[in-house]
Amino acid sequence: KAIQNNQIYRHERGMTPEDQLTYALTHLEATNQVIDDYAGKGSFSYQLGAWFPASGHVPGAFWRRGVHRAYMGRRGPGGRVDSCGVRSAVGV
């Protein structure tokens with residue numbers, strides 16, 4: 001709602017897990033670099049476009065450097081830490 005009710009962000013929306021996966025693969029192919037490596041220069045990325053009110057959780061994703069694989073999970077509002085972020089998208 002914060003994105004929808006703010007005039008600056010009115011045309012933006014939160015990404016969904018599908019958006020996140022598409023962006024991650026496109027970025028990896030173009031740059032040979034992973035995104036959301038919270039142990040490096042990235043963060044745990046919340047996908048606000050897929051918030052589930054019944055559970056109170058938001059999907060999120062990050063790169064697990066130690067095991068060399070992507071991780072998708074969920075967190076509630078209490079899971080907020082400095083290594084978390086949000087990536088928004090603009091619909092075309």
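**Exercise 1. Find which residue of the hairpin of strand 3 and strand 4 takes a positive phi, and describe how the two strands are joined.**

Step 1. In the hairpin of strand 3 and strand 4, where four residues stand between the strands, the residue with a positive phi is His68, at a value near 55 degrees. The structure is a predicted model, in which local features need pLDDT of at least 70 and side-chain atom pairs count only at pLDDT 80 or more, while totals for chains, interfaces and linings use all residues. Residues are numbered from 1 along each chain as its sequence is written, and side-chain values use heavy atoms, with hydrogens and water left out.

Step 2. Strand 3 and strand 4 run antiparallel and are joined by seven bridges; two strands pair if DSSP finds at least two bridges between them. Ala61, for instance, has Met72 in strand 4 as its bridge partner.

Step 3. To place these strands in the whole chain, note that the protein chain has two helices and six strands, which follow the pattern α-β-α-β-β-β-β-β along the sequence. Helices (H or I, at least four residues) and strands (E, at least two) are DSSP runs, numbered from the N terminus.

**Exercise 2. Locate the salt bridge of the structure and state which parts of the chain the pair links.**

Step 1. A salt bridge is a side-chain nitrogen of Lys or Arg within 4 Å of a carboxyl oxygen of Asp or Glu, and a search of the whole structure finds one.

Step 2. The side chains that meet in this salt bridge are those of Asp37 and Arg65, at 2.5 Å from N to O. The pair links distant parts of the chain, 28 residues apart: Asp37 is in the loop between helix 2 (17-31) and strand 2 (44-46), and Arg65 is in the loop between strand 3 (58-64) and strand 4 (69-75).

Step 3. Side chains of opposite charge can pair when their charged atoms come close.

Step 4. For accessibility, buried means under 20% relative accessible area, exposed over 50%, and partly exposed in between (1.4 Å probe, protein chains only). Asp37 counts as buried because its relative accessibility is 11%, whereas Arg65, with a relative accessible area of 44%, is partly exposed.

**Exercise 3. Compare Asn32 and Asp36 by phi and by accessibility, and find the side-chain partner of Asp36.**

Step 1. Asn32 lies in the loop between helix 2 and strand 2, and the place of Asp36 is also in the loop between helix 2 and strand 2.

Step 2. Most residues other than glycine have a negative phi. Asn32, although not a glycine, has a positive phi of about 60 degrees, and the phi of Asp36 is positive too, near 60 degrees.

Step 3. Asn32 counts as exposed, since its relative accessibility is 62%, while Asp36 is buried, with a relative accessible area of 6%.

Step 4. The side chain of Asp36 makes a polar contact with the side chain of Gln20 at 2.5 Å. A polar contact is a pair of N or O atoms within 3.5 Å; within protein, one must be able to donate a hydrogen and the other to accept it, and residues adjacent in sequence count only if both atoms are side-chain atoms. Gln20 lies in helix 2 and counts as buried because its relative accessibility is 4%.
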